[in-house]
Amino acid sequence: MTADTGFSIDLAVPASALVIAAHPDDAEFDCGATLAKWAAAGAIVHHFICTDGSKGTWDPECDQTALVRTRQDEQRAAAAALGATGEVRFGGHVDGELDSDLATRAQLAQVIRELRPAVILGHDPWKRYRLHPDHRHAGLLAVEGVVAARDPFFFPEQGLPPHRPDELLLFEADEPDHAENVEGWTAAKTAALLCHRTQFVTTHDITDPDDPNQVQRFADWVDAVAAASGQQAGLAYAELFKRIDSV
């Protein structure tokens, strides 16, 4: 931990990492540069996307079944753009209707036990004034899934050995205390985000994907966010997390 900022800087590159995200594109927005950095250093990076992304459009005439398929394809392409070589799994819960109930917690515990990641990344469920319920519930599922996965008497019917990760990193945190130095990795993050073409209008503010100025404006925004986060931690560029290492 640095004396000047109160942030710990850079975990040792984990052997494997699992990001648990509410929707396709959340992982890339919140920790894409970190995942790209770790993947390039040899980490096996897995994605678990809790919902089907079926409400990720402003078009009331959209074919939601087709949108779900497209968003899964986009997520796989985004993971590849980050260099991730692990699995991309989908929980299949309806967008906007995710719940952190016992059955869904069991689902996450099983994923954690099967993939056995050293580090888990997820939404901070305790972020104040959060509007989107899926982010809150996905964060609770990450935290509570870790608790269930590590102890043998949770869901023994799964027939899987327990697994305790070394670290839990929560993104979107109100009070982050850990920074990953992502200088040199924002281009990979941007490339992954640009794979989510269905989200250009709703989240990327790109109305014409063939307009290089709009695409560059988005890339500049990604850089600016990383630079602002870096400033908090005394780095040029960073992604910030709440670190829980007593897992």
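Visitor: Which residue follows helix 7, and is its phi positive or negative?
Guide: Gly 234 comes right after helix 7, and its phi is positive, near 75 degrees. Bear in mind that this is a predicted model.

Visitor: And what caps the N-terminal end of helix 7?
Guide: Asp 211 does. One of its side-chain oxygens lies 2.9 Å from the backbone nitrogen of Asn 213.

Visitor: How far apart are the end C-alpha atoms of helix 7?
Guide: They are 32 Å apart. Helix 7 runs over residues 212–233, which is 22 residues, and at 1.5 Å a residue the expected span is 32 Å, so the two values agree.

Visitor: Which residues of helix 7 are buried?
Guide: The buried ones are Gln 214, Phe 218, Ala 219, Val 222, Ala 226, Ser 229, Gly 230 and Ala 233.

Visitor: What covers them?
Guide: The cover includes helix 1 (26–40), helix 5 (186–193) and helix 6 (200–204). On the strand side, it includes strand 1 (8–9), strand 7 (178–181) and strand 8 (238–244).

Visitor: Take Ser 229. Why does it count as buried?
Guide: Its relative accessible area is 15%, and buried means under 20%.

Visitor: What is Ser 229 in contact with, leaving aside neighbours within four places in sequence?
Guide: Ser 229 is in contact with Ala 238 and Leu 240.

Visitor: Changing topic: how many aromatic pairs are there?
Guide: The count comes to four. One of them is Phe 29 with Trp 221: the ring centres are 6.1 Å apart and the planes stand at 75 degrees, so this pair is edge-to-face.

Visitor: Which parts does that pair tie together?
Guide: Phe 29 lies in helix 1 and Trp 221 in helix 7, so the pair ties together parts that are 192 residues apart in sequence.

Visitor: Phe 29 first, then: buried or exposed?
Guide: Phe 29 counts as buried, at 19% relative accessibility. Trp 221 counts as partly exposed, at 44%.

Visitor: What about Phe 154 and Phe 155, how are their rings arranged?
Guide: Phe 154 and Phe 155 form a tilted aromatic pair, 6.3 Å centre to centre, with 55 degrees between the planes. Phe 154 is partly exposed, with a relative accessible area of 29%, whereas Phe 155 is buried at 12%.

Visitor: Back to Phe 29 and Trp 221: which residue joins them in one aromatic cluster?
Guide: Phe 218 does; Phe 29, Phe 218 and Trp 221 form one cluster. Phe 218 is also among the buried residues of helix 7.

Note on methods
Residues are numbered from 1 along each chain as its sequence is written. This is a predicted model: local features need pLDDT of at least 70, side-chain atom pairs count only at pLDDT 80 or more; totals for chains, interfaces and linings use all residues. Side-chain values use heavy atoms; hydrogens and water are left out. Helices (H or I, at least four residues) and strands (E, at least two) are DSSP runs, numbered from the N terminus. The expected span of a helix is 1.5 Å times one less than its number of residues. Buried means under 20% relative accessible area, exposed over 50%, partly exposed in between (1.4 Å probe, protein chains only). Contact means heavy atoms within 4.5 Å. A polar contact is a pair of N or O atoms within 3.5 Å; within protein, one must be able to donate a hydrogen and the other to accept it, and residues adjacent in sequence count only if both atoms are side-chain atoms. Rings of Phe, Tyr and Trp (its six-membered ring) pair if their centres lie within 6.5 Å; planes under 30 degrees apart count as stacked, over 60 as edge-to-face and the rest as tilted.
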